[in-house]
Amino acid sequence: MKLMTLNTHSLVESSYEEKKEKFIETLIVEQPDVVALQEVNQTASAGIIPDVMLAGYKRCMDFGLPVREDNHAKEVVEALREKDVYYYWTWLSAKIGYGKYDEGIALLSKKPIMRVKQFLISQTDDYDNWKTRKILGMQTEGSDDIFFTVHMGWWNDEEEPLKKQWEKMEKLTKSLEKKDHTIWLMGDFNSLDNVKQEGYELICKSGWKDSYCLAEQKDSGVTVEEEIDGWRDGEGGGAVKDAKRLDYIFCNTQKKVKSSKVVCNGKNYPVVSDHYGVMIEVED
């Protein structure tokens, strides 16, 4: 099984159309079984596309906003279908981003999606508050695994600290573990792996396994090498220009991970976002 996560930055990214095409080319070559995406945007004023016209789309039943014409996930999935590469997908918007985008998260799956559910992990549920955080989970046909796409806040945020968001997420995942599900948390955790007594250490001490640490073969793991929103002037903690590992794939149980590699970093496929992606291969 091949899993991938990427904070796409999507419509906010400079040279978006060109980078979208490069990302699509990456998926055509690698064809991961599950793709978790963050910062999956659409222009809030763009035209609406009815669900019945969205091939492979599975709506989260407690999510009411429409998918619009320039939705990043929709654009990627449709372009892949034109190349005979087929994905099922789901998307959720959590907030208004940059004053004009429905900013959300998405999951793509090679298998049909059986169930989709969203969960609020921030203290606020204000759509106009950019600190609102939700996670989106899915279960695919023929599998007991549950996959979540995750985009968390920062450890030292006074209004929305990561610790409180993690407490909500852990309560949720513990309820799922009781049903013997293998759970994958995939995404941008805004946590440095080399800082003690903060987010990364909290997650690992909670029993979660970092697939990078489990991997038999791995690279540097670095997913951010430049100044990005939320990490300028030390906002997120740590040195601004240091190479950082902020994007992870965690699992609630020990798995045999054959490899973990950073993708879309200019070495393994072109750069398409202000984050690089992470791709792992797991023995099924």
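Here is a quick tour of the strands, helices and a few notable residues in this structure. Keep in mind that the model is predicted. One open sheet has seven strands, in the order β5-β6-β2-β1-β15-β14-β12, with mixed pairing. Another open sheet has six strands, in the order β7-β8-β9-β10-β13-β11, and its pairing is mixed too.

**The seven-strand sheet**

- Start at the rims: β5 and β12 sit at the edges with a single partner strand each, so each has one side without a neighbour in the sheet.
- Helix α1 packs on this sheet, where it touches β1, β2, β6, β14 and β15. The direction of α1 makes about 170 degrees with that of β1.
- Strand β1 (residues 2–7) pairs with β2 in the parallel sense, over five bridges. If you want a spot to look at, Asn7 stands opposite Gln38 in β2.
- β1 also pairs with β15, this time in the antiparallel sense and over four bridges. Here Lys2 has Glu281 in β15 as its bridge partner.
- How much of strand β2 (residues 34–43) is buried? The count is 10 of the 10 residues, so β2 is largely enclosed by the rest of the structure.

**β14 and its partners**

- Five of the seven residues of β14 are buried, so this strand is largely enclosed by the rest of the structure.
- β14 and β15 run antiparallel and are joined by six bridges. With strand β12 (residues 217–218), β14 pairs in the parallel sense over two bridges.
- Ser260 is a handy landmark: Ser260 in β14 is the bridge partner of Lys218, and Ser260 also stands opposite Ile280 in β15.
- Val263 is found in β14 as well. Is Val263 buried or exposed? At 0% relative accessibility, Val263 counts as buried.
- Which residues does Val263 touch, leaving aside its neighbours within four places in sequence? Its contacts are Met4, Asn268, Tyr269, Tyr276, Gly277, Val278 and Met279.
- One of those contacts is Gly277. The C-alpha atoms of Val263 and Gly277 are separated by 4.9 Å, with the two residues 14 apart along the chain.

**Two tyrosines with a positive phi**

- As background, most residues other than glycine have a negative phi.
- Tyr98 has a positive phi of about 55 degrees, although it is not a glycine. Look for Tyr98 in the loop between β5 (88–97) and β6 (101–109). Its relative accessibility is 45%, so Tyr98 counts as partly exposed.
- Tyr269 has a positive phi too, of about 75 degrees, and is not a glycine either. Tyr269 lies in the loop between β14 (257–263) and β15 (277–282). At 24% relative accessibility, Tyr269 counts as partly exposed.
- Tyr269 is also among the residues in contact with Val263.

**How α1 meets α2**

- The axes of helix α1 (residues 16–30) and helix α2 (residues 72–82) come within 10 Å and cross at roughly 50 degrees. Why is α1 called oblique to α2? Angles under 35 degrees count as roughly parallel, 65 to 115 as roughly perpendicular and over 145 as roughly antiparallel, so a crossing at roughly 50 degrees is oblique.
- α1 passes α2 in a right-handed crossing. On the α1 side, the contact is made by Tyr16, Lys20, Phe23, Ile24, Leu27 and Ile28. On the α2 side, His72, Glu75, Val76, Ala79 and Leu80 take part.
- By type, the residues of this contact divide into eight nonpolar, one polar and two charged.

**The six-strand sheet**

- In the order β7-β8-β9-β10-β13-β11, the edges are β7 (113–120) and β11 (209–210). Each has a single partner strand, so one side of each is left without a neighbour in the sheet.
- Strand β8 (residues 134–140) pairs with strand β9 (residues 146–151) in the antiparallel sense, over four bridges. Within this stretch, Leu136 stands opposite Thr149 in β9.
- Which strands does helix α3 (residues 162–177) lie across? They are β7, β8, β9 and β10 (183–188), and α3 runs at about 155 degrees to β10.

How values were computed. Residues are numbered from 1 along each chain as its sequence is written. This is a predicted model: local features need pLDDT of at least 70, side-chain atom pairs count only at pLDDT 80 or more; totals for chains, interfaces and linings use all residues. Side-chain values use heavy atoms; hydrogens and water are left out. Two strands pair if DSSP finds at least two bridges between them. Contact means heavy atoms within 4.5 Å. Axes are lines fitted to C-alpha atoms, for helices over the stretch in contact, and angles run from 0 to 180 degrees between N-to-C directions. A crossing is left-handed if the near helix is turned anticlockwise from the far one by less than a right angle, and right-handed if clockwise. Ala, Val, Leu, Ile, Met, Phe, Trp, Tyr, Cys and Pro count as nonpolar, Asp, Glu, Lys and Arg as charged, and the others, Gly among them, as polar. Buried means under 20% relative accessible area, exposed over 50%, partly exposed in between (1.4 Å probe, protein chains only).
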